[in-house]
Amino acid sequence: MSQNDNTKPNGNPKKPTRTGFRLTRLAQKELKETLRDRRTIVTLVLMPLLVYPTLSLIFKTFLLSNAALFSGAEVPELRVVYSGNVSKAEADFVFAKIGERVKFIDEKSSGSEGTLLQPDNLDEEDDSQSIGSGLRVDDLQSEEVGFPPWYLMRWQFIPPSANPSLAEYVEVGEADLGIIFDLNDPTRKRLGDFTIVSRQDPFSLAAADHLAKELEKANLADREFRLQMAGISIEPVVNVGRKLIGETVAQEAPSAFPLASLVPLILVLMTITGAVYPAIDLTAGERERGTLETLMAAPLPRVGILVAKFIAVLTVAIFTALLNLIGMFVTIWVFQLDQQFGGGIFDFRVMVQIFLLLILFGAFFSALLLAVTSFAKSFKEAQVYLIPIIILSLGPGLMAMAPGISLDGVNAVVPMVNILLLARDVINNEVILVPSFVAVISTLVYTYLAICLAARIFGSDSILYSGDGSLVEMFQRPTRANVVVPLAATLFCLVMLFPLNFLSIGFLGRLPAETTADLSFRYGMMGVFTCLAFMVLPALVARHQNTSFRGGFGLKRPRIVFLLAAVLLGLSLWPLVMTMTEGWHAAYGILFGSEKQEQWHAKLIETTSEQVARIRMVSPLVILFAFSVIPALCEEWFFRGMLLRSLLKWNSVWKSILISALVFGSFHVLSNSVIALDRLLPSTLIGVMLGYLAFKSDSIWPGVILHSLNNGIVVFLAYYQPALSSYSWFPGEDESIPVVWALVGLAVATTGVLLTRFAGTSGLPGKSSNATIESGEVL
Amino acid sequence: MISIQHLSKTFYAGRREIRAAADVSFDVAPGEVYGLLGPNGAGKTTMMRMILGLLKPDKGYAEIAGHRSDHQPDEVKRQVGFVSAAAGVYQWLTGREMLGFFGEIYGLSESEVETRIKELSAILDLSGFIDQGCATLSTGQKQRLSLARALIHDPPVMILDEPTLGLDVIGSQVIFNYIDILRERDKSIILCTHRLEQAQRVCNRFGLMHKGKKVLTGSLEDLQKQTGKSDLVEMFIDLIENDNVAPIQQV
């Protein structure tokens with residue numbers, strides 16, 4: 001410590017290269033600290049040692065008691081949706097009756113082995129058994145495919161008015177088959193008419209044949225019953241038995257479904273357990289012990305400190321995952337549970353893939369945990385926050401265990417569910433490329449978002465030195481007026497939209513059948529829900545946050561030039577979007593082969609035309625409001641009003657516009673039951689356009705005009721398509737739009753963008769709120 | 001070395017409004033110990049956090065060695081050694097590991113760290129426990145280790161927030177003696193403490209804060225002249241009892 005040190009700053013000239021090194025050191029320190037903590041070691045080592053033997057004992061018991069259920073050859077599962085003109089209870093009663101009859105025939109045919117005739121050498125294919133009616137049982141067996149009998153199929157009732165409809169279930173592969181029945185009065189002799197719905201793939205078609213045969217069995221049994229009732233002997237003339245030659249092949253393993261889904265769930269839950277303690281300790285714990293402030297006083301970027309902590313937590317999570325994986329496999333080996341898993345589980349490749357998935361999941365969950373624990377002031381507080389999160393994460397866990405659920409549609413992007421399903425598919429060796437890819441990418445995106453969120457929260461002075469954190473304080477209305485709604489309140493609204501969306505779907509599904517027949521009522525209710533979720537809720541929150549609507553939602557009158565730009569853009573974006581969608585289709589064709597693309601395209605056209613057919617039943621005025629005016633107004637109110645303006649206060653302009661556009665785009669994807677990835681890009685791009693317009697004009701009104709024009713044109717083009725096409729003003733359903741249209745659209749849209757770009761933001765009335773937005777540019 | 005310009009900060013806890021700092025300015029030169037004193041809740045800790053850039057001021061700024069803490073927080077942090085009453089130690093690391101870690105964080109090389117640890121453990125008498133896990137240390141040992149941690153990069157500026165909290169007479173004596181040494185080595189020091197007798201001895205100048213405002217400032221003699229009291233303890237009692245002291249004019 002020399003005198004001349006005092007004037008010389010200690011800053012190192014090689015600062016940039018050293019930052020990386022210092023962060024590595026930091027991560028090492030965090031890890032060293034965590035690993036020396038005996039509590040970490042408990043979860044890390046002791047848990048797998050104790051948990052798996054216990055679990056395996058439970059499994060053994062479970063499996064033995066269920067052995068009867070799983071015995072028999074492995075059969076592919078058959079998911080059948082049914083619908084008809086009676087209630088579920090009545091339908092189930094009738095179906096059970098059919099099941100009894102089928103069972104009767106099945107038992108009869110398997111029990112009649114070798115009684116009268118026993119040929120020495122029977123070729124299996126030609127082997128036939130006859131029963132009283134003269135119908136060959138062989139005709140009724142589908143040995144090659146081995147479908148389950150009627151009474152072991154997985155049934156799901158779909159109400160006739162449900163959306164998606166029964167046909168849609170079958171079409172998208174949610175179900176293998178559908179049955180639509182028309183049951184006459186059940187007291188009468190005949191049960192009713194059954195229509196089997198299948199899609200055009202070999203599995204579904206074969207399953208349909210199988211189902212038809214099962215129904216035939218019911219008829220057969222019924223015939224026998226009646227003959228018996230009438231006292232007619234039904235002894236067969238010839239009874240044929242069977243004899244198998246050669247060694248008996250060991251019985252196939254029973255269905256792997258429950259355990260294959262259970263393995264990833266247990267591993268994931270254990271990985272969570274491993275990450276929880278270090279996550280709390282390195283954030284809230286450090287804060288409680290007072291070392292966090294010391295660390296914050298060191299010349300390290302805050303994000304860097306967080307990333308180092310993330311690395312430490314993730315490393316512990318990976319260790320936990322690895323130890324658990326080993327523990328689980330050793331247990332499986334010791335208890336010989338692998339026979340229940342249908343083989344594949346000991347495949348080294350499967351293990352590695354599952355481990356990689358656990359790392360991915362660990363990264364996501366570690367980031368999520370850090371975001372939550374960074375919020376807490378003490379260890380206890382962090383624990384209180386984490387308990388609901390862990391319980392909530394059981395939800396997706398159990399959901400992924402549900403039979404019949406597959407990695408597609410929305411499931412591919414639901415965090416945790418997607419990884420669990422992917423892991424299950426890995427074990428069952430049923431990985432499908434595209435949804436798996438979507439699952440991995442979406443989890444990576446969530447991880448990144450969670451880290452960003454954690455970085456925002458971690459060590460921010462409002463958290464580091466906040467008040468008492470009481471509930472009253474949290475919900476107290478601020479005394480100061482806010483120019484825009486605080487970001488936290490906006491995020492609250494965004495989070496609330498999710499359950500509200502479900503609520504509205506549930507409500508619409510619950511509407512009595514008489515009212516759903518009238519589609520205008522349905523669309524009216526949709527409009528009401530949109531208003532409630534996107535307009536009323538944000539308005540209430542803004543009121544509570546002491547924010548004026550004018551500033552918080554950007555309600556001031558824009559300059560004429562922006563309205564003009566909005567009209568130009570509103571009129572010209574649709575051919576661009578259509579071209580873009582077609583481009584996406586073409587890209588899909590290149591990626592996955594033209595056959596797949598055609599299937600997909602045909603499906604898309606069919607669903608769209610179904611929707612359009614429904615829309616055409618309603619008066620154009622209702623359509624105008626339900627699809628154009630109300631969504632435009634409400635979505636602009638929330639996305640470009642509340643969300644964008646809140647974001648702008650804390651972020652740079654383009655970041656805010658991009659985030660709001662992505663949220664807007666994802667919302668449009670998720671509102672569909674199928675992942676409409678083709679909607680993501682156009683919706684997001686329109687979101688960017690709307691955001692830019694809203695930012696430049698400092699008002700949502702140009703956006704409302706653009707949005708309602710664009711929506712209106714698209715929906716009315718579909719509405720009047722037959723008429724328009726008949727005058728050759730618009731291409732038919734199956735044709736693509738002319739290139740010239742896209743070019744004209746591009747030219748007009750460009751004019752709109754340029755108008756917006758060069759209109760400038762100055763000289764606007766009510767500059768005060770504008771100043772806030774521009775200060776956002778600096779921040 | 002240290003220049004504080006009109007720092008202001010108000011906290012909002014729901015409906016309550018707490019003024020932690022109201023337009024506070026002062027300078028600290030090298031070789032000077034500035035005693036930032038005041039009763040609990042006067043806003044001293046908030047001041048220190050703002051100086052260090054841990055807390056964003058509503059108004060004003062702090063400048064250390066020409067770097068503003070709101071513009072170049074990392075540069076400022078590099079110049080400062082910070083000890084606070086709440087400063088904890090990493091319980092699963094040994095003292096040596098912790099010092100080594102912070103040395104490297106502040107950009108010292110391994111050999112530099114080693115020399116510094118040797119120096120500091122001689123002056124602050126750490127050698128008896130430096131290789132022990134921090135969880136086993138006594139309060140005094142922890143506080144000495146904290147001071148060593150803050151000094152590891154030999155910073156020109158020290159910010160000490162109640163460095164003797166919870167220490168016995170001997171323990172705090174070690175710290176105050178060391179502050180004397182630091183002053184002799186031309187460090188600029190801001191010291192917050194409730195040990196007024198020692199403060200009286202060790203500080204060159206004082207700033208007395210109350211309810212976020214700086215109410216008295218100057219050397220001990222200046223204060224004695226302004227208040228007519230002979231020592232800091234009396235001035236303190238006076239300050240708290242006469243709640244409505246008008247803030248002094250900034251010169």
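## A tour of chains A and B, starting at helix α4(B)

Select the buried residues of α4(B): they pack against α3 (95-105), α5 (139-151) and α6 of chain B. Keep in mind throughout that this is a predicted model.

**Stop 1: helix α4 of chain B**

Now show the whole helix, residues 110-124 of chain B. α4(B) has 15 residues and reaches 21 Å from its first C-alpha to its last. That is close to the 21 Å expected at 1.5 Å a residue.

Which residues of α4(B) are buried? Pick B:V113, B:R116, B:I117, B:L120, B:S121 and B:L124. They cover an arc of only 125° around the axis, which puts them on the same side of α4(B). Rotate to the other side of α4(B): B:S111, B:K118 and B:A122 are exposed there. Then step just past the helix to B:D125, where phi is positive, at about 60°.

**Stop 2: the chain B sheet**

Zoom out to all of chain B. Its 251 residues include nine helices and ten strands. Of these residues, 49% count as buried. Take the contacts in chain B between residues at least 6 apart in sequence: 67% of them join residues at least 24 apart.

Colour the strands β6-β7-β8-β3-β9-β10 of chain B; in that order the six form an open sheet with mixed pairing. The edges are β6 (80-84) and β10 (213-218) of chain B. Each has a single partner strand, so one side of each is left without a neighbour in the sheet. On average, neighbouring strands of this sheet are turned by 15° against each other, direction ignored.

Go to the β6 edge. Five bridges link β6(B) to β7 (residues 157-161) of chain B, and the pairing is parallel. Label B:F82 and look across to B:I159 in β7(B), which stands opposite.

**Stop 3: helices across the chain B sheet**

Select α1 of chain B, residues 44-52. Which strands does α1(B) lie across? They are β3 (33-37), β6, β7, β8 (188-192) and β9 (205-210) of chain B. Helix α1(B) runs at about 150° to β7(B).

Next, select α6 of chain B, residues 169-184. This helix lies across β3, β7 and β8 of chain B and runs at about 155° to β8(B). Helix α6(B) also links back to the first stop, as the buried residues of α4(B) pack against α6(B).

**Stop 4: the chain A sheet**

Switch to chain A. Four strands in the order β2-β1-β3-β4 (chain A) form an open sheet with mixed pairing. β2 (154-157) and β4 of chain A stand at the edges, each with a single partner strand, so one side of each lacks a neighbour in the sheet. Neighbouring strands here are turned by 25° against each other on average, direction ignored.

Walk across it strand by strand:

- β2(A) to β1(A): four bridges, parallel. A:W155 in β2(A) is the bridge partner of A:V80.
- β1 (residues 79-84) to β3 (residues 177-183) of chain A: five bridges, parallel. A:G84 stands opposite A:F181 in β3(A).
- β3(A) to β4 (residues 192-198) of chain A: seven bridges, antiparallel. A:I180 stands opposite A:T195 in β4(A).

**Last stop: helix α7 of chain A**

What packs on this sheet, touching β3 and β4 of chain A? Select residues 202-229 of chain A: this is helix α7. The direction of α7(A) makes about 165° with that of β4(A).

Note on methods: Residues are numbered from 1 along each chain as its sequence is written. Chains are lettered from A and ligands numbered from 1 in the order in which they are written. This is a predicted model: local features need pLDDT of at least 70, side-chain atom pairs count only at pLDDT 80 or more; totals for chains, interfaces and linings use all residues. Two strands pair if DSSP finds at least two bridges between them. Helices (H or I, at least four residues) and strands (E, at least two) are DSSP runs, numbered from the N terminus. Axes are lines fitted to C-alpha atoms, for helices over the stretch in contact, and angles run from 0 to 180 degrees between N-to-C directions. Two residues are in contact if their C-beta atoms, placed from the backbone, lie within 7 Å. The expected span of a helix is 1.5 Å times one less than its number of residues. A residue is buried if 20 or more other C-beta atoms lie within 10 Å of its own, exposed if 12 or fewer, and partly exposed in between; C-beta atoms are placed from the backbone. The arc is that of the directions from the helix axis to the C-beta atoms.
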